[in-house]
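Load the model, show it as a cartoon and keep the sequence panel open. The stops below go from the whole chain to single residues.

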Amino acid sequence: MKSRNLPTDAQNVPRGVQTDVLEEKGGKNGPSPAEIRQRAFEIHIERGGIHGCDLDDWMQAERELQEKYNKSNDGRPTKK
């Protein structure tokens with residue numbers, strides 16, 4: 001049985017984003033980079049693992065999680 005090369009978390013972060021610079025804890029106003037990274041990877045897998053759409057996956061994950069945080073914030077939009 002051949003082993004498959006599974007992507008690492010670092011491969012799922014859009015180019016130009018340095019994870020060592022990002023704070024890994026979530027704030028009151030939104031999801032943490034780790035939460036976004038996890039959801040982006042889930043979207044990547046749901047789409048069939050097609051490469052080349054990492055930024056789209058990341059942006060979709062951000063939108064979904066931000067909406068979730070907004071709803072859990074008693075319906076009040078977060079401050080920008």
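pLDDT is the predictor's confidence in each residue, on a scale from 0 to 100. This model is predicted, so colour it by that value before anything else. The mean pLDDT of the protein chain is 75, and 56% of the residues reach 70 or more. Now select residues 16-23. Here pLDDT stays under 50 throughout, and the model has six contacts beyond four places in sequence for this stretch.

**The whole chain**

Select the protein chain. Two helices and zero strands are found in it. Of its 80 residues, 24% are buried. Turn on the surface: the chain exposes about 6500 Å², and 51% of that comes from carbon and sulfur atoms. Among contacts with a separation of 6 or more, 49% join residues that are 24 or more positions apart.

**Helix α1**

Next select residues 33-46, which form helix α1. How far apart are the end C-alpha atoms of α1? They are separated by 20 Å, which agrees with the 20 Å that its 14 residues should span at 1.5 Å a residue. Show the side chains of P33, I36, R37, R39, A40, I43 and H44, the buried residues of this helix. Their cover includes α2.

Stay on H44. Is H44 buried or exposed? Its relative accessibility is 8%, so H44 counts as buried, the cut-off being under 20%. Beyond four places in sequence, H44 touches G49, I50, H51 and D57. Just past the helix, select G48: this residue follows α1 and has a positive phi, near 100°.

**Helix α2**

Move to residues 54-71, helix α2. This helix has 18 residues and reaches 26 Å from first to last C-alpha, close to the 26 Å expected at 1.5 Å a residue. Display D57, W58, A61, L65 and Y69, which are the buried residues of α2. Look down the helix axis: these buried residues fall within an arc of 100°, so they line one face of α2. That buried set packs against α1. Rotate to the face turned away from the buried side, where the exposed residues D56 and K71 are carried.

K68 is also placed in α2. At 56% relative accessibility K68 counts as exposed, because the cut-off for that class is over 50%. Draw a distance from the C-alpha of K68 to that of G30: the two atoms are separated by 8.7 Å, although the residues are 38 apart along the chain.

**Between the helices**

Which residues make up the largest nonpolar core? Select I36, A40, I43, W58, A61 and L65, six residues in all. Both helices take part, with α1 and α2 each supplying at least two residues of this core.

End on L65, one of the core residues and one of the buried residues of α2. Leaving aside neighbours within four places in sequence, L65 is in contact with P31, E35, I36 and R39. Of these partners, I36 also belongs to the core, while R39 is listed among the buried residues of α1.

How values were computed. Residues numbered from 1 in each chain as written. Heavy atoms only, no water. Helix = DSSP H or I, 4+ residues; strand = E, 2+ residues; numbered from the N terminus. Buried < 20%, exposed > 50% of the residue type's maximum accessible area, 1.4 Å probe, protein only. Contact = heavy atoms within 4.5 Å. Areas by Shrake-Rupley, 256 points an atom, 1.4 Å probe, with all protein chains shown as cover. Core = buried A, V, L, I, M, F, W, Y, C linked by side-chain atoms within 4.5 Å. Expected span 1.5 Å × (residues − 1). Arc of directions from axis to C-beta.
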